[in-house]
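Visitor: I should like a close look at one aspect of this structure, namely its salt bridges. Which side chains meet in them, and how exposed are the partners?

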Amino acid sequence: MALYSEKVMEHFRNPQNVGSMEDADGVGEVGNAACGDIMKVYLKIEDDIISDVKFETFGCGSAIASSSMATQMIKGKPLREAEQLTNQAVAEALDGLPPHKLHCSVLAQQAVRAAIRDYYESL
């Protein structure tokens, strides 16, 4: 059995929504000191809908794949729905992560929530 699913490998090799956003309405940055992964998520909000999302991730393949998948899952969604994103949902959408890499999906969840919180705090 392969260590990583095809979906993880696809999002690692061809991540979606990569980059920064100069005029972001909300920015969330989180990190895990134990593994060194850092994720930054940028949101563009229009009428309480996430109209655009970008990410920058410094980390392993699972961290990049988790960031990519999380951004795909929230793009076009209402903020209230995006706030409900869980690390389990990210991991399931990637067809699973190895147990020692589940923290990457947790970081993706935390980065999205931090960006949404930043947006609300700036209102």
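Guide: The following account takes the salt bridges one after another. The model is a predicted one, and in it the count of salt bridges comes to 6. In general, side chains of opposite charge can pair when their charged atoms come close.

Consider the pair formed by Glu 29 and Lys 40, whose side chains meet at 3.9 Å, N to O. This salt bridge links distant parts of the chain: Glu 29 lies in strand S1 (residues 26-32), whereas Lys 40 lies in strand S2 (residues 37-46), and the two are 11 residues apart. Lys 40 has a relative accessible area of 26% and is therefore partly exposed, since buried would require a value under 20% and exposed a value over 50%.

Another salt bridge joins the side chains of Lys 77 and Glu 81, with an N to O distance of 3.9 Å. Lys 77 is partly exposed because its relative accessibility is 30%. Glu 81, at 45%, likewise counts as partly exposed.

The side chains of Arg 80 and Glu 83 also form a salt bridge, at 3.1 Å from N to O. Here the partners fall into separate classes of accessibility: Arg 80 reaches 58% and so counts as exposed, while Glu 83 has a relative accessible area of 23% and is partly exposed.

Finally, there is a network of salt bridges, in which Asp 23, Asp 25 and Lys 44 are linked.

Note on methods: Residues numbered from 1 in each chain as written. Predicted model: local features only at pLDDT ≥ 70, side-chain atom pairs only at ≥ 80, totals over all residues. Heavy atoms only, no water. Salt bridge = Lys/Arg side-chain N within 4 Å of Asp/Glu carboxyl O. Helix = DSSP H or I, 4+ residues; strand = E, 2+ residues; numbered from the N terminus. Buried < 20%, exposed > 50% of the residue type's maximum accessible area, 1.4 Å probe, protein only.
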